[in-house]
Amino acid sequence: KVLMGSYTVVAENKEVPDASFEDGFYGGQVSVKIKAEETKTIEIPCGRTDCKFSVEFPEEFESLFTEYYVEVSNGEGESLRLTSDPDENDPKQRGFDAKASFKVTGKLVWNLYMKNTDSKDENGGIFTYTKTIEDVTAGQHYHLAFALAEEELVDGVFALRVRIDGGMI
């Protein structure tokens, strides 16, 4: 028998892990007041309780980079890697067709890693770039689309500019 009072009723099909390639995290909650001798039916609107993250690279990256990936986390848990060359034995990485799922913490931190095939610079052709997406909310899908911008020659050296969702890095 339920005692009189105010309750919050929570429904979820499964708990959202900090980071996962699993899909289908749904839930919701509603507050309800129960009075003596009362039977009450409540409806709990449910929606996605996680946020999604995915990336997209054009085919031309394959000929320009020996390795490239994006590593992402919610800033509190483990990171997941979406990569050009996923290790089948590592459950924390997948190819670019995968979607990563995260417990909502208000942010997603992602790091782009690219290794140029023909570079002779002091970094060995490695380029990294880190960015934080703020105000991350449940039910949203954050998708980064990478593209190559126009090529530049700087002092006789080929320089590559990368565009992400319309903005240059």
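Begin with the whole chain in view, where you will find one helix and 16 strands; helices (H or I, at least four residues) and strands (E, at least two) are DSSP runs, numbered from the N terminus. What you see is a predicted model, in which local features need pLDDT of at least 70 and side-chain atom pairs count only at pLDDT 80 or more, while totals for chains, interfaces and linings use all residues. Residues are numbered from 1 along each chain as its sequence is written, and side-chain values use heavy atoms, with hydrogens and water left out.

Staying with the whole chain, switch on the surface: the accessible surface comes to about 10,700 Å², of which 45% belongs to carbon and sulfur atoms, as calculated by the Shrake-Rupley method with a 1.4 Å probe. Of the 169 residues of the chain, 30% count as buried, a word that here means under 20% relative accessible area (1.4 Å probe, protein chains only).

Next, select strands β1, β3 and β4, which form an open sheet in the order β1-β3-β4 with antiparallel pairing; two strands pair if DSSP finds at least two bridges between them. The edge strands are β1 (5-12) and β4 (47-48), each of which pairs on one side only. Now look at β3 (residues 26-34), which is joined to β4 in the antiparallel sense over two bridges, and find tyrosine 26, whose bridge partner in β4 is arginine 48.

Now select strand β5 (residues 50-56), which is largely enclosed by the rest of the structure because six of its seven residues are buried. Add strand β9 (residues 100-103), with which β5 pairs in the antiparallel sense over four bridges, and notice that cysteine 51 stands opposite phenylalanine 102 in β9. Then add strand β12 (residues 141-148), with which β5 pairs in the parallel sense over five bridges, and look for valine 55, which stands opposite leucine 144 in β12.

Finally, zoom in on lysine 52, which lies in strand β5. Is lysine 52 buried or exposed? Lysine 52 is buried, with a relative accessible area of 8%. Show its side chain together with that of aspartate 23, and you will find a polar contact between the two side chains at 3.0 Å; such a contact is a pair of N or O atoms within 3.5 Å, and within protein one must be able to donate a hydrogen and the other to accept it, with residues adjacent in sequence counting only if both atoms are side-chain atoms. Leaving aside neighbours within four places in sequence, lysine 52 is in contact (heavy atoms within 4.5 Å) with residues including Glu22, Lys99, Ser101 and Tyr142.

Key:
Buried < 20%, exposed > 50% of the residue type's maximum accessible area, 1.4 Å probe, protein only.
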